Amino acid sequence: MERNKNIFFIGFMGCGKSTMARLLTKETGMELIEMDETIEEETGMSINEIFATYGEAYFRDLESQLIKRITEKGGAVVSCGGGAILRPENVEMMKKNGQIIYFFASPETIYKRVCNSNNRPLLNGNMNIEYIASLMETRLPRYLAAADITIEVDGKEKQDVLEELNAIC
């Protein structure tokens, strides 16, 4: 991967995007951009507060604006929000200036990783495997269409996933 390009990690919440982005940036020295954290810092609000106050569409606008800024500079490992691929223009911008890596995890794995979290606005009141599977199913075609590479993470240690990333990045 050219270091003036970006590496975008996409996937459902809890699939390991943030963890793997931190590990890869430690190895490569590339800049780390955690999209949700960046949006929280820039707005002074949590993702839950943004959703509750302004709604999902407003949050998606913030995501799109951030992706545009990221793709204008390059050289970063970007942990995207789980829904960043819902807008085709976001995917188009990411593809033009980087490589998109999709982390796939089963609904059961996702549930185990997020079941004790209360900062997942789309899961508030729906914290169960069936709902997660349903939401994942609606997004799966978009993840697959956006991805240059898919890495399945179920049952793998972080170091194994990192080795896969190093082989392709």
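The following passage describes the sheet, the packed helices, an aromatic cluster and the nonpolar core of a predicted model.

Residues are numbered from 1 along each chain as its sequence is written, and side-chain values rest on heavy atoms, with hydrogens and water left out. Because the model is predicted, local features require pLDDT of at least 70 and side-chain atom pairs pLDDT 80 or more, whereas totals for chains, interfaces and linings use all residues.

An open sheet is formed by 5 strands in the order 2-3-1-4-5, with parallel pairing. Strands (E, at least two residues) and helices (H or I, at least four) are DSSP runs numbered from the N terminus, and two strands pair if DSSP finds at least two bridges between them. Strand 2 (31-34) and strand 5 (149-152) occupy the edges; each has a single partner strand, so one side of each lacks a neighbour in the sheet. On average, neighbouring strands are turned by 20° against each other, direction ignored; axes are lines fitted to C-alpha atoms, for helices over the stretch in contact, and angles between N-to-C directions run from 0 to 180 degrees. Strand 4 (residues 98-104) is joined to strand 5 by 4 bridges, the two running parallel. Within this pairing, Y102 stands opposite T150 in strand 5. Helix 2 (residues 35-43) packs on the sheet by touching strand 2 and strand 3 (76-79), and its direction makes about 70° with that of strand 2. Helix 7 (residues 129-146) also packs on the sheet, touching strand 1 (6-10), strand 4 and strand 5, at about 145° to the direction of strand 4. Contact denotes heavy atoms within 4.5 Å.

The whole structure contains 5 aromatic pairs, defined as rings of Phe, Tyr and Trp (its six-membered ring) with centres within 6.5 Å; planes under 30 degrees apart count as stacked, over 60 as edge-to-face and the rest as tilted. Y102 and F104 form an edge-to-face pair, at 6.3 Å centre to centre and 70° between the planes. Y102 and Y143 are stacked, with 4.9 Å between centres and 15° between planes. Since Y102 lies in strand 4 and Y143 in helix 7, this pair ties together parts 41 residues apart in sequence. Ring pairs thus link Y102, F104 and Y143 into a cluster. Y102 and Y143 are both buried (under 20% relative accessible area; exposed is over 50%, partly exposed in between; 1.4 Å probe, protein chains only). The relative accessibility of Y102 is 3%, while F104 is partly exposed at 23%.

The largest nonpolar core (buried Ala, Val, Leu, Ile, Met, Phe, Trp, Tyr and Cys residues joined through side-chain atoms within 4.5 Å) has 51 residues, and F9, F103 and L165 have the most contacts inside it. Beyond neighbours within four places in sequence, the contacts of F9 include V77, I101, F103 and L165.
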